[in-house]
Structures are given as C-alpha cells and as structure tokens.
Amino acid sequence: MNNEILIATKNDGKLKEFKQIFEQKGIVVKSLKDINDDVEIVENGLSFEENARLKADGYAKSIGIPVLADDSGLEIDALNGRPGIFSARYAGDHNDAANNAKVLSELGGIPDEKRTATFHSTVVVRKPDGSELVANGNLRGRILAVPRGDNGFGYDPLFFVEAKNKTLAEMTREEKNKISHRALAIEDLLVNFDKFWE
Ligand SMILES: O=c1nc[nH]c2c1ncn2[C@H]1C[C@H](O)[C@@H](COP(=O)(O)OP(=O)(O)OP(=O)(O)O)O1
Ligand SMILES: [Mg+2]
C-alpha cells in the first residue's frame, strides 16, 4: 500500500500542520528527521512553484516514497507583493521576529484599510518516477500594526483574518488548518490526488 509521504520542510510549524491534515486522511507522514539524507537546498527559484519543486526534487530521487514540499509567503498589497518569495529571509536571515519587524516598519503610517495581504502556498508532490502534482492556496487578510497571539509561526501574529476576527496566531492549529493557504493548497491537491497516488 502506498500510504507514506515525506514532507520535505525544515519548518516545524509547517510540518505540524501537514501532519494533522494528512494523518486525518490515513496517510503516514515522514519528516526529514526520519531520513539520514540531509540535503541543503538553495531556494533560488523565481517563483513559489520553482522553489517548491527544488525542495521536493532534492529528496525525491533518494527516497523511495512521494515527497511533498511547500513554498509559501506573504504578499502585501501596499508593498507591491513583497516579501513574496523572499518571505523567509526578508530581514536577511531566517528570523521570524526580524522579518515581522521589517514588515511593520515598511508599513509604518499606512492605514488599516490599505494593509491588505495574501498568504500564498504552492505545494509540489513528486513521486520517485518523476511524476508530479502541483497545487495552490491563498488566504486573504490584513496586516495589523501590533502582533497578536502566540500560536503558529512566522508572520502569523500579524495576519488578521476578518471572518474569524482573529490573527492566525490566535487560532488553534485545528482552526488555522481549516482556512489557511496551506490547507487550501492541500484541498486543491486532493482533487487529483487519488488518481496520482495509485
Ligand atoms: O502559515 C504561515 N504563517 C506564518 N508565516 C508563514 C506561513 N506560511 C509561510 N510563512 C512564512 C514563513 C517563512 O518566512 C516563509 C516561508 O518560507 P519557505 O521557504 O516556504 O519555508 P521555510 O524556509 O520556513 O521552510 P522550508 O523551506 O524548509 O519548507 O513564509
Ligand atoms: Mg525555505
């Protein structure tokens, strides 16, 4: 039975979200901690999709099971879509606090109604035979001036979801996993998944 997938991410927050979503579907999630092969992947693609493919491909050849990678980021309208594909290293290195501070400083003085943003996720799954599935998800929200909440990771404390009257960091993992860009990408993925998975 083909029921295992490797989630190729070094981000524990993402891994926990994917685990919850796939385990509900009876799919066993393996992480990079379960394999010896620690590859350093340079995310130098020009799009979310290219970066997700680089990550999935980096592991798909050596591991005998399907590999899923996500490349995601925050696109702020008033910043012409920045930080976008550079979300993880916006303030120089992979530091959530510094990235959030940079975003807040760039948005300084911009009023609430102009602080709209999209969280985007592109997910690529590669099988050992090279076949792949690509899916996307988007979540609209607004960037607060002051962070709220302690859950989640990354830009979650700044990302306010109007319909829930909460930031992503004020939601439980279950709540976030019902609406997030990553959850929506997986929903999109699952439309074609069974056929791909056979
Ligand atoms: O739900 C989210 N809630 C908050 N922040 C988020 C989310 N989704 C992506 N983000 C931010 C985190 C990181 O700054 C960048 C993704 O960068 P990205 O390269 O895809 O992920 P990563 O480097 O953390 O882990 P990895 O590449 O090993 O999967 O966007
Ligand atoms: Mg990354």
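**Figure 1. The whole chain, read from one end to the other.** Follow the sequence along and you meet the pattern β-α-β-α-β-α-β-β-β-β-α-α-α. That makes six helices and seven strands, and keep in mind that what you see is a predicted model. Along its principal axes, the C-alpha trace spans about 55 × 30 × 25 Å. How does the radius of gyration fit with a compact globule? For 198 residues, such a globule would come out near 16 Å, and the protein has 17 Å, so the two agree. Of the 198 residues, 35% count as buried. Take the contacts with a separation of 6 or more: 57% of them link residues 24 or more positions apart.

**Figure 2. Inside the largest nonpolar core.** This core has 38 residues. Which of them have the most contacts inside the core? They are Ala8, Ala56, Val67, Leu68, Val123, Val125 and Phe159. The elements giving two or more residues to this core are β1 (4-7), α1, α2 (48-60), β3, β4, β5, β6 and α5. Zoom in on valine 67, and leave aside its neighbours within four places in sequence: Leu6, Ala8, Ala56, Tyr59, Ala60, Val125 and Arg126 are in contact with it. Two of those names, Ala8 and Ala56, should ring a bell from the list of core residues with the most contacts.

**Figure 3. Valine 123, up close.** You'll find valine 123 in strand β4 (residues 116-126). Is it buried or exposed? Valine 123 has 26 other C-beta atoms within 10 Å, and a residue needs 20 or more to count as buried, so valine 123 is buried. Skip its neighbours within four places in sequence, and its contacts are Ala52, Leu68, Asp70, Ala135, Ala185, Ile186 and Leu189. Now look for leucine 184, which sits 61 residues away from valine 123 along the chain. In space, the C-alpha atoms of these two residues are separated by 10 Å.

**Figure 4. Helix α5 and what covers it.** Helix α5 runs over residues 181-191, and its buried residues are His181, Arg182, Leu184, Ala185, Ile186 and Leu189. What covers them? The cover includes α1 (12-23), β3, β4, β5 (132-143) and α6 (193-197). You can spot part of this from the valine 123 side too: Ala185, Ile186 and Leu189 are among the contacts of that residue.

**Figure 5. Aspartate 71, a residue with two labels in UniProt.** An unreviewed UniProt entry places the feature "active site" at Asp71. The feature "binding site" is also placed at Asp71 by UniProt, again in an unreviewed entry. Where is aspartate 71 in the fold? It is found in strand β3. With 25 C-beta neighbours inside 10 Å, aspartate 71 counts as buried, because 20 or more is enough for that. Beyond its neighbours within four places in sequence, aspartate 71 is in contact with Phe48, Asn51, Ala52, Lys55 and Thr122. Ala52 may look familiar, since that residue is also in contact with valine 123.

**Figure 6. The shell around ligand 1.** There are 24 residues around ligand 1, and Thr9, Asn11, Ser87, Ala88 and Gly154 come nearest. Which element gives the largest share of this shell? That is β3, with five residues. Sorted by class, the shell has six nonpolar, 10 polar and eight charged residues.

**Figure 7. Some backbone oddities.** Most residues other than glycine have a negative phi, and most peptide bonds are trans. Asparagine 80 goes the other way: it is not a glycine, yet its phi is positive, at about 55°. This asparagine lies in the loop between β3 and α3. Asparagine 80 has 8 other C-beta atoms within 10 Å, and 12 or fewer makes a residue exposed, so that is how asparagine 80 is classed. Proline 83 is in the loop between β3 (67-76) and α3 (96-106), and the peptide bond to it from arginine 82 is cis, with omega near 0°. Then there is asparagine 165, also with a positive phi of about 55° although it is not a glycine. Look for asparagine 165 in the loop between β6 (159-161) and β7 (166-167). Why does asparagine 165 count as exposed? Because it has 8 C-beta neighbours inside 10 Å.

Conventions. Residues numbered from 1 in each chain as written. Chains lettered and ligands numbered in written order. Predicted model: local features only at pLDDT ≥ 70, side-chain atom pairs only at ≥ 80, totals over all residues. Helix = DSSP H or I, 4+ residues; strand = E, 2+ residues; numbered from the N terminus. Contact = placed C-beta atoms within 7 Å. UniProt positions renumbered as here; feature names shortened; annotations may be inferred. Rg over C-alpha atoms; globule rule 2.2 N^0.38 Å. Near = placed C-beta within 6 Å. Nonpolar A, V, L, I, M, F, W, Y, C, P; charged D, E, K, R; others polar. Core = buried A, V, L, I, M, F, W, Y, C linked by C-beta atoms within 7 Å.
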